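Let's take a walk through this chain and stop at its backbone oddities. Have the viewer open and follow along.

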Amino acid sequence: MIYRSKAPLRIGLAGGGTDVSPYSDMYGGAILNATISLYARAAIEPIADKKVLFECADRSETLECDATFPLPLDGKLDILKGVINRVAKDYGIPSGFKLTTFVDAPAGSGLGTSSTLVVAVLGAFAEWLKLPLGEYDLAHLAYVIEREDLKQAGGKQDQYAATFGGVNFMEFYDGDKVIVNPLRIKEKYLDELENNLVLYYTSTSRLSSSIISEQQKNVHEKKEASIEAMHHLKQQAVMMKEALLRGSIDKIGEILDFGFQHKKNMAKGITNSQLDDIYEAAKRAGASGGKISGAGGGGFMIFYCPGNTRYNVVEALKAFGGDVKRYHFTHNGINTWCI
């Protein structure tokens, strides 16, 4: 048998960073995101040998370990080992197996790749071992593996987006309390948003944990400019929700721009001269706003292009050597099956 799963990556539309502790614990956070037709995929094949075989097909990387748990966290595929160690500890793993993974976007690209991969691997284990995990359980366990077991800095939105799927307004509170509010947006509004929102890969990646760690430090030290920026981003999430539900789609560009200007004040390294040049070129070509996806510093950017300006924007972006990525919004979160 092969036990498979796929979980969608996401575009963060508003509120990014307010899902990160300690801000979310102290003030409450809010984020609006939408899953897209790019995925993290995982497949588990039980084998007779007492071995764990890893194949990261998108990175042409393989590894073999003895099936003796916990597996050593030595810098080699630790994110996958972290999932395996937690599953082995909490539920037990009955045999050796081969784990094959593939992610449709590069690591560090700002679409939640690492967290979505954790969700996908957990989903494959849940399918194989028949684990009693509901959506909130699965997302929370993925969060615990990354933030507590592996000590990786980051927020909570990606795990919940990958698990639930669709367009969601998410609220984050003290005590790891998360509320996922699915939004019922008319299909024509989503079609227009999809048509007008350009997803652009800058061909650079970044280590989001360093930016997020500084953001956390700024909140701990009560740096007013950083905290005020996060307050504005939380307000942006509410503005974005209202615009989508009311069909005020062409307000989305200015709402994105509002958030981008404030996000720069959260921590150093969120933007740089190259990203600023790309942003300004897109606006000159007709975009009414945009943002850097994820923590910032590189990876994907998105631009809202009203009317038929997307074609001029796409043409202007060619000068920077990146790639425009086609996508569709998706309504579903993680899907698992066996064959």
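Glycine 247 comes right after helix α8 and has a positive phi, near 80°. A quick word on what we're looking at: this is a predicted model, where local features need pLDDT of at least 70, side-chain atom pairs count only at pLDDT 80 or more, and totals for chains, interfaces and linings use all residues. Residues are numbered from 1 along each chain as its sequence is written, and side-chain values use heavy atoms, with hydrogens and water left out.

Back to the helix that ends there. α8 covers residues 224-246, 23 residues in all, and spans 33 Å from first C-alpha to last, close to the 33 Å expected at 1.5 Å a residue. That expected span is 1.5 Å times one less than the number of residues. Helices (H or I, at least four residues) and strands (E, at least two) are DSSP runs, numbered from the N terminus. Which α8 residues are buried? Among them are Ile227, Met230, Leu233, Met240 and Leu244, along with the polar-named Ser226 and Gln236. Buried here means under 20% relative accessible area, exposed means over 50%, and partly exposed is in between (1.4 Å probe, protein chains only).

Now for the other backbone oddities. Most residues other than glycine have a negative phi, and most peptide bonds are trans. Here are four spots that stand apart from that pattern.

| Site | Backbone feature | Loop |
|---|---|---|
| Serine 21 to proline 22 | cis, omega near 10° | proline 22: between β1 (3-14) and α1 (23-27) |
| Phenylalanine 69 to proline 70 | cis, omega about 5° | proline 70: between β4 (61-66) and α2 (78-90) |
| Serine 60 | positive phi of about 50° | between β3 (51-56) and β4 |
| Lysine 130 | positive phi of about 55° | between α3 (113-129) and α4 (135-149) |

Are the two positive-phi residues in the table buried or exposed? Serine 60 is exposed, with a relative accessible area of 72%, and lysine 130 counts as exposed too, at 59%.

Last stop is the surface. Glu187, Asp191, Glu192 and Asp250 form a negative patch. Patch members have over 30% relative accessible area and no salt bridge, with like charges joined within 9 Å and nonpolar side chains (Val, Leu, Ile, Met, Phe, Trp, Tyr) within 5 Å. A salt bridge, in turn, is a side-chain nitrogen of Lys or Arg within 4 Å of a carboxyl oxygen of Asp or Glu. Aspartate 250 sits in the loop between α8 and α9 (252-263), and at 48% relative accessibility it counts as partly exposed.

Definitions and conventions
Accessible areas come from the Shrake-Rupley method with a 1.4 Å probe; for residues, only the protein chains shown count as cover. Lys and Arg count as positive and Asp and Glu as negative; His and the chain ends are not counted. The place of a charge is taken as NZ of Lys, CZ of Arg, CG of Asp or CD of Glu.
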